[in-house]
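Dear colleague,

Please find the structure below, handed over for your own work. My notes on it follow directly after.

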Amino acid sequence: MQYAGIIKNDFSAASGVSVTFFTQGCPHHCKGCHNPETWDIDSGKLFDDNAKQELLDALNKPYIQGITFSGGH
């Protein structure tokens, strides 16, 4: 699986402080999309063990209140 990025201290995706995980690949191509660079399923970064650990470490902070998954695929 490819992913576009991880925001570790996101104040805008949910209430409080959360982690946001951006998926890669979207067939919808909506007009006005704020992340058209994520449309190509073959772009982005490989979600490997290092990325998984990065995500888990980001979530393991006492002030993190949740996770937001963003993407269209």
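**Findings**

Strands β2 and β4 are paired in the parallel sense, with four bridges between them. Within this pairing, Val19 stands opposite Ile67 of β4. Please bear in mind throughout that this is a predicted model.

**Confidence and overall layout**

The mean pLDDT of the chain is 93, and 97% of the residues reach 70 or more. Confidence is highest in α1, at 98, and lowest in β4, at a mean of 92.

The chain contains one helix and four strands, which follow one another along the sequence in the pattern β-β-β-α-β. The C-alpha trace spans about 35 × 30 × 15 Å along its principal axes. Of the 73 residues, 29% count as buried. Among contacts with a separation of 6 or more, 55% are accounted for by residues 24 or more positions apart.

**The sheet and its helix**

In what order do the four strands lie in the sheet? The order is β3-β1-β2-β4, in an open sheet with mixed pairing. The edges are formed by β3 (45-46) and β4 (67-70), each of which pairs on one side only. Helix α1, residues 49-59, packs on this sheet and touches β1, β2, β3 and β4. The direction of α1 makes about 20° with that of β1.

Besides the parallel pairing described above, there is an antiparallel one: β1 (residues 2-10) is joined to β2 (residues 18-23) by five bridges. Here Ile6 has Phe21 of β2 as its bridge partner.

Strand β2 deserves a separate remark. Six of its six residues are buried, so β2 is largely enclosed by the rest of the structure. The burial applies to both faces: Ser18, Thr20 and Phe22 are buried on one side, and Val19, Phe21 and Thr23 on the other.

**The nonpolar core**

Which residues make up the largest nonpolar core? There are nine: Tyr3, Ile6, Val17, Val19, Phe21, Ala51, Leu55, Ala58 and Ile64. At least two residues of this core come from each of β1, β2 and α1, and α1 provides the largest share, namely three.

Ala58 is one of these core residues. Leaving out residues up to four places away in sequence, Ala58 touches Lys8, Val19 and Ile64.

**Aromatic pairs**

The structure holds four aromatic pairs. Two of them share Phe47, and they are described here in turn.

In the pair of Tyr3 and Phe47, the ring centres are 5.8 Å apart and the planes stand at 90°, so the arrangement is edge-to-face. Tyr3 belongs to strand β1 and Phe47 to the loop between β3 and α1; the pair therefore ties together parts that are 44 residues apart in sequence. Are these two residues buried or exposed? Tyr3 is buried, because its relative accessible area is 5% and the cut-off for burial is under 20%. Phe47, at 25% relative accessibility, counts as partly exposed.

Phe47 also forms an edge-to-face pair with Phe21, at 5.5 Å centre to centre and with 80° between the planes. This pair too links distant parts of the chain, since Phe21 lies in strand β2 and Phe47 in the loop between β3 and α1, 26 residues apart. Phe21 is buried, with a relative accessible area of 4%. Taken together, ring pairs link Tyr3, Phe21, Phe47 and Phe69 into a cluster.

**Gly5**

A last point concerns Gly5, which is placed in strand β1. Gly5 has a relative accessible area of 10% and is buried. Which residues does Gly5 contact, leaving aside its neighbours within four places in sequence? They are Thr20, Phe21, Phe22 and Lys45. Of these, Lys45 is 40 residues away from Gly5 in sequence, yet the two C-alpha atoms are 7.7 Å apart in space.

**In brief**

The picture that emerges is an open sheet of four strands with helix α1 packed on it. Strand β2 is joined to β1 by five antiparallel bridges and to β4 by four parallel ones. Phe21 appears in several of these features: it is the bridge partner of Ile6, a member of the largest nonpolar core, and one of the rings in the aromatic cluster.

With kind regards

Conventions. Residues are numbered from 1 along each chain as its sequence is written. This is a predicted model: local features need pLDDT of at least 70, side-chain atom pairs count only at pLDDT 80 or more; totals for chains, interfaces and linings use all residues. Side-chain values use heavy atoms; hydrogens and water are left out. Two strands pair if DSSP finds at least two bridges between them. Contact means heavy atoms within 4.5 Å. Axes are lines fitted to C-alpha atoms, for helices over the stretch in contact, and angles run from 0 to 180 degrees between N-to-C directions. A nonpolar core is a set of buried Ala, Val, Leu, Ile, Met, Phe, Trp, Tyr and Cys residues joined through side-chain atoms within 4.5 Å. Buried means under 20% relative accessible area, exposed over 50%, partly exposed in between (1.4 Å probe, protein chains only). Rings of Phe, Tyr and Trp (its six-membered ring) pair if their centres lie within 6.5 Å; planes under 30 degrees apart count as stacked, over 60 as edge-to-face and the rest as tilted. pLDDT is the predictor's confidence in each residue, from 0 to 100.
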